[in-house]
Amino acid sequence: MKSTFLVLFAFAVFLTHGAYAKDLAVKFEGTPTANDLSVAAQDAIDELVEDGLDFDQGSFACFEAPLFDLSTGRRIGTGVDCLAPVPVDLSDSQNLLDTGVPAALAFGLRIEAFTFFLLPGGNLANHGMTSVQPFYPMVGNALGAVTHMSGSIPSDFLPGGIEGATGRFSGWIGTVVRLSGAVNLSLPNDQIFFSCIFIIEQP
């Protein structure tokens, strides 16, 4: 019985590892200033647009920060997160309140985001919608270091995902990206602190 359990456990670990080993997990972290992009980052975005990415940069505030491999902590590239708030219909929020949803959740932010992953050998552009909600005071917010949590879980029923890819990632169009992050939106001078984890599913 014990040996059977160990075999089943080992098989489950193998399946779990196999399911996630193909995914690319990166951390986007830093305190960038809006629209203060390096020449290299801007050139990479321009190349993706020239290749057909439907992205109007003038409608977004773009933030550049390092990308780190989540498993090793080593820097592996550069990320650019371009954000545009989507107006929230207050009647929608009131409808949520009427169903008993707490006010802190009913009045969050909806963000349209283009996130660029500039990596060795190629670049990726992800497009999707993100929910941004305030932390409950002093609960899970790193003692005030972050003010809001952000998240996006891909769905087959919603548009979004990798819409631009170059180099070794040229076959990744249509794959999905999952976001789990935290930000500080209280900083001055058009700065935001980001600590966001992206899981990019390989084709």
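Partly exposed here means a relative accessible area between the buried class, under 20%, and the exposed class, over 50%. Keep that cut-off at hand for the tour. The model is predicted.

**Stop 1: the whole chain**

Colour by secondary structure. The protein chain has four helices and nine strands. Follow the ribbon along the sequence and the pattern reads α-β-α-β-β-α-α-β-β-β-β-β-β. Now colour by accessibility. Of the 203 residues in the protein chain, 36% are buried. Turn on contacts between residues at least 6 apart in sequence. Of these, 63% join residues at least 24 apart.

**Stop 2: Lys-27 and Glu-29**

Select Lys-27 and Glu-29 and show side chains. Their side chains meet in a salt bridge, at 3.8 Å from N to O. Side chains of opposite charge can pair when their charged atoms come close. How many salt bridges does a search of the whole structure find? The search finds one.

Is Lys-27 buried, partly exposed or exposed? Lys-27 has 25% relative accessibility, so it counts as partly exposed. Glu-29 is also at 25%, and therefore partly exposed.

**Stop 3: Leu-67**

Move to strand E2, residues 61–69, and pick Leu-67. Its relative accessibility is 0%, so Leu-67 counts as buried. Draw a line between the C-alpha atoms of Leu-67 and Val-26. The separation is 6.2 Å, for residues 41 apart along the chain.

Next, show the neighbours of Leu-67. Leaving out residues up to four places away in sequence, Leu-67 touches several groups:

- Val-26, Lys-27 and Phe-28
- Arg-74, Arg-75, Ile-76, Gly-77, Thr-78 and Gly-79
- Phe-117, Leu-118 and Leu-119

Lys-27 in that list is the salt-bridge partner of Glu-29 from the previous stop.

**Stop 4: the disulfide**

Stay on E2 and select Cys-62, then add Cys-82. A disulfide joins Cys-62 to Cys-82, with 2.2 Å from S to S. The disulfide count comes to one. Cys-62 sits in strand E2 and Cys-82 in strand E3, 20 residues apart, and the pair links distant parts of the chain.

Look down the S-S bond. Which hand does the link of Cys-62 and Cys-82 have? The link is right-handed, with 115 degrees about the bond. Switch to a surface view: both Cys-62 and Cys-82 are buried.

One further cysteine is worth a click. Cys-196 has a relative accessible area of 3%, so it is buried.

**Stop 5: two loops with positive phi**

Select Asn-35 and Asp-190. Most residues other than glycine have a negative phi, and most peptide bonds are trans. Asn-35 is not a glycine, yet its phi is positive, at about 60 degrees. Asp-190 is not a glycine either, and its phi is also positive, at about 60 degrees.

Where is Asn-35? Asn-35 is in the loop between strand E1 (24–30) and helix H2 (39–50). Its 49% relative accessibility makes it partly exposed. Asp-190 is in the loop between E8 and E9. With a relative accessible area of 58%, Asp-190 is exposed.

Add Asp-36 to the selection. Asp-36 lies in the loop between E1 and H2. Its relative accessible area is 55%, so Asp-36 is exposed. Join the C-alpha atoms of Asp-36 and Asp-190: they are separated by 10.0 Å, although the residues are 154 apart along the chain. Leaving out residues up to four places away in sequence, Asp-36 touches Cys-62 and Glu-64. That leads back to the disulfide, since Cys-62 is joined to Cys-82.

**Stop 6: the largest pocket**

Rolling a probe the size of a water molecule over the atoms shows where empty space is left. Centre the view on Ile-111, Ala-113, Gly-128, Met-129 and Thr-130. Among the 40 residues lining the largest pocket, these lie nearest its centre. The pocket holds about 780 Å³ of space.

Now colour the lining by element. The elements that give two or more residues to the lining are E2, E3 (75–86), E4 (109–119), E5 (122–134), E6 (148–152), E7 (161–165), E8 (177–184) and E9 (193–200). Which element gives the largest share of the lining? E5 does, with seven residues.

Recolour by class to finish:

| Class in the lining | Residues |
|---|---|
| Nonpolar | 23 |
| Polar | 12 |
| Charged | five |

Technical notes. Residues numbered from 1 in each chain as written. Predicted model: local features only at pLDDT ≥ 70, side-chain atom pairs only at ≥ 80, totals over all residues. Heavy atoms only, no water. Salt bridge = Lys/Arg side-chain N within 4 Å of Asp/Glu carboxyl O. Buried < 20%, exposed > 50% of the residue type's maximum accessible area, 1.4 Å probe, protein only. Contact = heavy atoms within 4.5 Å. 1 Å grid on protein atoms, 1.4 Å probe; cavity = no way out; pocket = protein on both sides within 12 Å on 5 of 7 lines; lining within 4 Å. Points joined across faces, edges and corners; volume = space filled by probe spheres on them. Nonpolar A, V, L, I, M, F, W, Y, C, P; charged D, E, K, R; others polar. Disulfide = S-S within 2.5 Å.
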